Amino acid sequence: LSPCKNICSLTMSSHVGFESLPDQLVNRSIQQGFCFNILCVGETGIGKSTLTDTLFNTNFEDQESSHFCPPVKLKAQTYKLQESNSYQPIADYIDAQFEAYLQEEMKIKQSLFNYHDSRIHVCLYFLSPTGHSLKTLDLLTMKNLDSKMNIIPVIAKADTISKTELQKFKIKLMSELVSNGVQIYQFPTDDDTVARINAAMNGQLSFAVVGSMDEVKIRNKMVKAHQDPWGVVQVENENHCDFVKLREMLICKNMEDLRKQTHTRHYKLYRRCKSEEMGFSDVGPENKPVSLQETYEAKRHEFHGERQRKEEEMKQMSVQRVKEKEAILKEAKFEHLKRVHQEERMKPEEKRRILDKEIIDFSKKKATCEIFQTQSFLATGSNLRKDKD
């Protein structure tokens with residue numbers, strides 16, 4: 001083929017506009033909104049609520065009694081307390097959110113566009129700044145939850161431990177997590193825009209933070225700080241704590257990756273396990289691809305056969321129970337008839353016994369009467385002889 005000499009070239013009236021795609025995604029996110037769920041796990045009084053308020057610069061509502069009630073009264077409340085040191089309630093809650101999303105996803109008419117996603121995207125696990133080994137409960141909990149959600153360990157109340165001890169505690173903490181096989185969330189390094197800072201932050205895990213909503217005036221500037229007897233700890237000062245690093249890594253840099261990891265890794269793992277429990281699989285016995293329709297038809301025939309088998313077992317069991325009941329009734333009827341026959345047979349015997357007794361009594365009375373008659377006759381004869389004399 002010879003090249004065409006008369007080639008028509010068209011000039012573009014405007015650019016294609018692929019660079020506007022990020023703006024479209026931003027506008028869509030602004031209009032539609034998105035869900036980002038954080039789960040805080042830790043001991044009571046370790047500062048979970050305070051850090052959450054500081055992280056989002058707000059005061060989350062909590063139910064507290066008012067100090068300005070007009071009448072003075074006593075309100076009695078009774079609670080049943082049960083101490084629990086188990087991670088199972090947390091695991092059950094996470095699975096419940098996965099199950100709710102799975103049920104919505106399996107609907108024929110889905111509404112995932114405006115579905116309120118309640119899946120946990122990140123777990124901030126608060127650890128006490130003891131400076132010693134991690135508690136067995138903390139290791140056990142993180143070990144059993146790392147496959148269900150993204151875990152970021154956080155050292156709470158970092159102002160209660162010196163910097164030297166804090167650094168040693170961080171190293172020991174991460175060493176124990178690695179030796180026990182706990183998979184914590186690692187900031188992604190595959191994106192060139194955040195690879196450098198994420199790699200640096202992965203080397204500084206876990207974050208030692210301090211939370212406070214109080215403002216203190218320092219050098220003519222109001223800053224969030226925590227007042228200690230030995231000084232003031234500025235929350236947003238990176239020389240004092242890692243709060244700024246946590247906020248930047250959690251919200252500014254890796255929020256979308258946390259959401260993606262939750263869906264593609266943890267939720268997909270839950271969905272795969274549920275599908276395998278139901279008998280669905282991507283491959284057959286010979287590792288050949290199997291379509292969902294084929295699997296569904298096979299399971300339908302299997303369930304149909306199982307249902308017929310159970311129905312037949314129930315019918316046989318019902319017939320057997322009927323036979324047993326009839327046998328019991330026949331035996332009961334035979335015993336009843338036998339008892340009635342025995343009673344009827346005993347009635348003549350009883351009457352005979354009564355008659356025999358009456359005959360004996362009558363014979364005794366007859367003999368008595370004959371004796372009296374004989375004595376009376378003899379007495380009469382004696383009197384007649386006396387009269388003749």
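**Two sheets, a helix pair and two spaces**

Okay, let me start with a pair of strands: β5 and β6 run antiparallel to each other, joined over 3 bridges. Before I go on, please keep in mind that this is a predicted model.

So, β5 and β6. If you want a residue pair to click on, take Val 216, whose bridge partner in β6 is Val 223. The two strands make a hairpin with 4 residues between them, and in that turn Arg 219 has a positive phi of about 55°.

Now carry on along the chain. Strand β6, residues 222–228, also pairs with β7, again in the antiparallel sense, over 4 bridges. Two spots to look at here: His 226 sits opposite Val 233 in β7, and Asp 228 sits opposite Gly 231 in β7. How many residues does the hairpin from β6 to β7 go through? The link is 2 residues.

Put those pieces together and you have an open sheet of 3 antiparallel strands, in the order β5-β6-β7. The edges belong to β5 (215–217) and β7 (231–234), each of which pairs on one side only. Neighbouring strands in this sheet are turned against each other by 65° on average, if you ignore direction.

Let's move to the other sheet I want to show. This one is open too, with 4 strands in the order β1-β2-β3-β4, and here the pairing is parallel. Why is one side of β1 and of β4 left without a neighbour in the sheet? Because β1 (38–41) and β4 (207–208) stand at the edges, and each has a single partner strand.

Further in, strand β2 (residues 122–127) and strand β3 (residues 151–155) pair in the parallel sense over 5 bridges. Phe 126 is a handy marker, since you'll find it opposite Val 154 in β3.

What lies across this sheet? Helix α5, residues 163–179, lies across β2, β3 and β4, and runs at about 150° to β3. On the way there, in the loop between β3 and α5, you pass Lys 157. Have a look at its backbone: phi of Lys 157 is near 50°, which is a positive value in a residue other than glycine.

There's another backbone detail to check while you're in that part of the model. Leu 205 and Ser 206 are joined by a cis peptide bond, with omega at about 0°. Ser 206 belongs to the loop between α6 (195–202) and β4.

Next, a helix pair. Helix α3 (residues 88–105) packs on helix α8 (residues 255–277) at an angle of about 80°, and the two axes are 10 Å apart. At that angle, α3 is roughly perpendicular to α8. Who meets whom? On the α3 side we have Asp 95, Phe 98, Glu 99, Tyr 101, Leu 102 and Glu 105, and on the α8 side Thr 262, His 263, His 266, Tyr 267, Tyr 270, Arg 271 and Lys 274. Sort that contact by class and you get 5 nonpolar, 3 polar and 5 charged residues.

Now for the empty spaces. The structure holds 1 cavity of 30 Å³ or more, and the volume of the largest cavity comes to about 30 Å³. Around this largest cavity sit Ile 38, Cys 40, Leu 51, Thr 52, Leu 55, Phe 56 and Leu 124. Which elements supply at least two residues each of that lining? They are β1, which we met at the edge of the parallel sheet, and α2 (48–56). The largest share, 4 residues, is from α2. As for class, the cavity lining has 6 nonpolar residues, 1 polar and no charged ones.

Last stop, the largest pocket, with a volume of about 960 Å³. Its lining has 28 residues, and those nearest the pocket centre are Gln 32, Gly 33, Phe 34, Glu 256 and Arg 259. At least two lining residues come from each of α1 (21–32), α7 (243–253) and α8. Which helix gives the most to this lining? That's α8, with 7 residues, the helix we just saw packing with α3. Split by class, the pocket lining has 12 nonpolar, 9 polar and 7 charged residues.

That's my tour, thanks.

Note on methods:
Residues numbered from 1 in each chain as written. Predicted model: local features only at pLDDT ≥ 70, side-chain atom pairs only at ≥ 80, totals over all residues. Heavy atoms only, no water. Pairing = 2+ DSSP bridges. Contact = heavy atoms within 4.5 Å. Axes fitted to C-alpha atoms, helices over the stretch in contact; angles between N-to-C directions. Parallel < 35°, antiparallel > 145°, perpendicular 65-115°, else oblique. Nonpolar A, V, L, I, M, F, W, Y, C, P; charged D, E, K, R; others polar. 1 Å grid on protein atoms, 1.4 Å probe; cavity = no way out; pocket = protein on both sides within 12 Å on 5 of 7 lines; lining within 4 Å. Points joined across faces, edges and corners; volume = space filled by probe spheres on them.
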